[in-house]
Amino acid sequence: MASADSIFPKIPCCRCADHSRFWDRIAGKTYCPNCLEGLAMGEGDPLVAKTDRRHCAVCHHLGTVRYVTFPLNSRRPVEVELCPEHLRAIVARRLGPHAFEQLRRQLESLGLEAAEVFLLHEAFYDEQGRALQPAVEW
Ligand SMILES: [Zn+2]
Ligand SMILES: [Zn+2]
């Protein structure tokens, strides 16, 4: 979790410039839900990001991209390091049940519920972590 005193200005979506809310950030770029969906569908420019030498929160693979999300009603974002494979999976809402469970447990240890995190929202996954609405088949 980001430190409590870090300041996160509202940054408009890097694609459509919508700035009505705090949007998720991937590798330092801001995406509104619509544009994230587009990203998952392969519309527009693909996401190109340099990976950091950190370990994926799901599979511990070395080489990750940072996904930053604001839990519901919170201005304090959660930062998740994800390898390219799991980043794609989370954006396309195709995390496997095991990966979902990994993230759910880590969020729980921060006092958060998966349902408060946009891309892990219960509209997309059931309690067992099965995807209800994959954004797209990969
Ligand atoms: Zn947008
Ligand atoms: Zn991974």
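These legends accompany close-up views of a predicted model.

**View 1. Strand β4 and its pairing with β1 and β5.** Let's begin with the strands that line up beside β4. β1 and β4 run antiparallel and are joined by 2 bridges. Look for isoleucine 26, which sits opposite tyrosine 67 of β4. With β5, β4 pairs in the antiparallel sense too, here over 5 bridges. One place to see this is valine 65, whose bridge partner in β5 is leucine 82. In a regular strand, side chains alternate between the two faces of the sheet.

**View 2. The hairpin of β3 and β4.** Strand β3, residues 52–55, is antiparallel to β4, and 2 bridges join them. Aspartate 52 is a handy starting point, as it stands opposite threonine 64 in β4. Between β3 and β4 of this hairpin lie 6 residues. While you are in the turn, pause at histidine 60, where phi is positive, at about 65 degrees.

**View 3. Helix α2 and what covers it.** Which residues of helix α2 are buried? Within this helix, residues 84–91, they are His86, Leu87, Ala89, Ile90 and Val91. An α-helix has 3.6 residues a turn, so residues three or four places apart point the same way. The cover over the buried residues of α2 includes strands β1 (24–26), β4 (62–69) and β5 (78–82). Helices α1 (33–40) and α3 (97–109) are also included in that cover. Follow the chain just past α2 and you will meet arginine 93, with a positive phi of about 55 degrees.

**View 4. Tyrosine 125 and its surroundings.** Our last stop is in the segment after α3, where tyrosine 125 is found. Is tyrosine 125 buried or exposed? Tyrosine 125 counts as buried because it has 21 C-beta neighbours inside 10 Å, and the cut-off for a buried residue is 20 or more. Leaving aside residues up to four places away in sequence, tyrosine 125 touches Phe100, Leu120, Arg130, Ala131 and Leu132. Alanine 115 is worth finding as well: 10 residues along the chain from tyrosine 125, its C-alpha atom is 8.8 Å from that of the tyrosine.

Key
Residues are numbered from 1 along each chain as its sequence is written. Chains are lettered from A and ligands numbered from 1 in the order in which they are written. This is a predicted model: local features need pLDDT of at least 70, side-chain atom pairs count only at pLDDT 80 or more; totals for chains, interfaces and linings use all residues. A residue is buried if 20 or more other C-beta atoms lie within 10 Å of its own, exposed if 12 or fewer, and partly exposed in between; C-beta atoms are placed from the backbone. Helices (H or I, at least four residues) and strands (E, at least two) are DSSP runs, numbered from the N terminus. Two residues are in contact if their C-beta atoms, placed from the backbone, lie within 7 Å. Two strands pair if DSSP finds at least two bridges between them.
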